Amino acid sequence: MTVRIVAATSDPDAARALLGLLGQLPGAEPAPALHDSTALLDLLARAAETGVEELPEVVIVHEAIGPMPPLDLVRDIALRFPAVGVVLLTPDPGPAVLAAAMNSGARGVVGLPLAYDDLGARVDAAATWAAGVRRHLGPQRSALPAVAGGTLVAVAGAKGGVGTTVTAIHLALAAHASGRSTALVDLDLQGGDIASYLDVQFRRSVADLADIADVSSRVLHDAMFVHESGPALLLAPADGERGEDVTDRAARLVLTALRQRYEVVVVDCGTQMTSANAAAVEVADTAVLVTTPDVVAVRAAKRMVRMWDRLQIRKPQDTIGVVNRHTRGTEIQPTLVGRITGTRIAASVVPAAFRELQPVIDAGRLHDLDTRSTVKAGIWSLAGELGLVTGAALPAPRGKKSRRGGDRGQVTLETLGMTPIILITLILVWQAVLAGYTFTLAGNAADEAARAAAVSDAPGQAGETAARSDLPGAWSDDADIDVSRSGGEIDATVTLKVPVLFPGAIDFPFHVTGHAKTVDERPPQ
């Protein structure tokens, strides 16, 4: 069990020595020393406003504290905060001082100079007493309410740097924002970054639960940290080598306990498969594999999916692929990723917008990502697709709307700019059609003129009449028709003007000629 300790002394040298020894005690979590009684009482009062569980288990009061006399301070703490064990530091730990301290409500007296064994024994006794009082005062307050059965989502990455942790964090934030109790677990046991992304300094981790056979609600409550953004965090150990303590059996027990206490449990499995996060992927209701649209990441995703299949952890068709840093111009689109990996590709994609993420990542405030962010909109849309968001509308950030509006404006401007070119092209095409049609009319009229002249005694008149009757009015009026007979042949030539845009309006400055010859069929004279 982790013991939170607050020390109060006005002597800087004594404070350094005391914190040095407390840091060596197993399970101790000492806070920075306070220098007067007023600061100590204010700290305890603020913690008590949140709940008994937020109070430190042990308070150590130095005899030289001020301005309140040490025994009066001990008595005040014992009366106002009975769930806190108080230990008095004094250079004279004789029977009289011990009796006075016990009468004031202290749970132990430690003599100066400090001895490691003596300090450890008194702190342990005070912490045990405080834990018993808290169970007696408020067992319901320290217990997590049971739920019918939470949804477990395992988020894994194809390789490092594809955005696995960012995706897992915002899936948890989206679930909590919709009103569902949410736990976020970091099972990237050797390189977990959730604490860094959310600026959390918390000594307890999932490794502290590895050797516990019965993970009760109280044990979970002690090991988890409720972040200011809402989700409860179960972090990876700060020392990576401790990750080896978390076996697949321990991971199953912890995840089962979490599902009984939270409606949504999001697990960051990282990119390296261990027995613990493999168990998380296996028991998860939904397994999400994050990749980026590049060849290296897609190949890594394919290897990961095949490994899960070979080890009988999860089938490819039971895995949801998510494409991060998506752009329209990339050659590898989500559908292609789905065909290569064999996974079901989510309809929601996360756009490439690192500039939106960089400020909050550098500040360790990923939960403060702007609502207008396209990255946040993409991941929260994915949360809706996975069924993690209920009773709350998905964000429609202004950034995305404005970008779409900008796209529409850009398309409008481009269309306006292209309009003259389109009109000129259409005019030229239409003019070419008119020229071709005029050429066809001239040829047909010449054929008609030649055939009519071949059987007529007046070839010129007959041919001209036949040609003009074959031509539309707009072309017939200005037609130049020449029919001649010589050497037993009829030669007909029809010359037409090419109109501009509309027949009969303006004529083009060049002409089209149709020519035809036929045998003179008139009987010889």
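How many residues in the lining of the second largest cavity are nonpolar, polar and charged? The lining divides into four nonpolar, four polar and no charged residues. The legends below describe close-up views of a predicted model, and this cavity is taken up again in Figure 4.

**Figure 1. The largest pocket of the predicted model holds about 980 Å³ of space.** The pocket is lined by 37 residues, and those closest to its centre are Arg4, Glu54, Phe202, Arg204 and Phe225. Two or more lining residues come from each of β1 (3-8), β2 (28-30), α2 (37-50), α8 (217-223) and β8 (225-226). By residue class, the lining of the largest pocket contains 18 nonpolar, eight polar and 11 charged residues.

**Figure 2. Arg4 is one of the residues closest to the centre of the largest pocket.** This residue belongs to strand β1. Its relative accessible area is 17%, and because buried means under 20%, Arg4 counts as buried. Neighbours within four places in sequence aside, Arg4 is in contact with the glutamates Glu29, Glu53, Glu54 and Glu57. Leu55, Pro56 and Val58 also touch Arg4, as do the arginines Arg134 and Arg204. Of these contacts, Glu54 and Arg204 are also among the residues closest to the pocket centre.

**Figure 3. Strand β12 (residues 319-326) is largely enclosed by the rest of the structure, because seven of its eight residues are buried.** Strand β11 (residues 286-291) runs parallel to β12 and is joined to β12 by five bridges. One of the residues involved is Ala287, whose bridge partner in β12 is Thr319. Helix α11 (residues 295-310) completes a right-handed β-α-β unit with β11 and β12. β12 also pairs with strand β13 (residues 344-345), in the parallel sense and over two bridges. Here the partner of Gly321 is Ile345 in β13. Together with helix α12 (residues 334-341), strands β12 and β13 form a right-handed β-α-β unit. Strand β14 (residues 350-351) is likewise parallel to β12, with two bridges between them. In that pairing, His326 has Pro351 of β14 as its bridge partner.

**Figure 4. The second largest cavity has a volume of about 40 Å³.** Two cavities of 30 Å³ or more are found in a search of the whole structure. The lining of the second largest cavity includes Leu289, Thr291, Ala301, Gly321 and Val322. Val337, Thr341 and Thr343 also belong to that lining. At least two lining residues are supplied by each of β11, β12 and α12. No charged residue is present, and the lining is made up of four nonpolar and four polar residues. Gly321, which lines this cavity, is the residue of β12 that has Ile345 as its bridge partner.

**Figure 5. Ala346 lies in the loop between β13 and β14.** Ala346 has a relative accessible area of 4%, so it is buried. Not counting residues up to four places away in sequence, Ala346 touches Ile320, Gly321 and Val322. Leu382 and Glu385 are also contacts of Ala346. Ile320 is 26 residues from Ala346 along the chain, and the C-alpha atoms of the two are separated by 6.2 Å. Two of the contacts, Gly321 and Val322, also line the second largest cavity.

**Figure 6. Two cis peptide bonds are shown, one from Gly66 to Pro67 and one from Leu112 to Pro113.** For the bond between Gly66 and Pro67, omega is about 0°. Pro67 lies in the loop between β3 (58-62) and α3 (70-80). Omega is near 0° for the bond from Leu112 to Pro113 as well. Pro113 is placed in the loop between β5 (108-111) and α5 (116-137).

**Figure 7. Asp199 and Gln312 are residues other than glycine with a positive phi.** Phi is near 55° at Asp199, which is found in the loop between α7 (194-197) and α8. At Gln312, phi is near 60°. Gln312 sits in the loop between α11 and β12. Gln312 has a relative accessible area of 68%, and since exposed means over 50%, this residue counts as exposed.

Definitions and conventions. Residues numbered from 1 in each chain as written. Predicted model: local features only at pLDDT ≥ 70, side-chain atom pairs only at ≥ 80, totals over all residues. Heavy atoms only, no water. 1 Å grid on protein atoms, 1.4 Å probe; cavity = no way out; pocket = protein on both sides within 12 Å on 5 of 7 lines; lining within 4 Å. Points joined across faces, edges and corners; volume = space filled by probe spheres on them. Helix = DSSP H or I, 4+ residues; strand = E, 2+ residues; numbered from the N terminus. Nonpolar A, V, L, I, M, F, W, Y, C, P; charged D, E, K, R; others polar. Buried < 20%, exposed > 50% of the residue type's maximum accessible area, 1.4 Å probe, protein only. Pairing = 2+ DSSP bridges. Right-handed = clockwise from strand over helix to strand, strands pointing away. Contact = heavy atoms within 4.5 Å.
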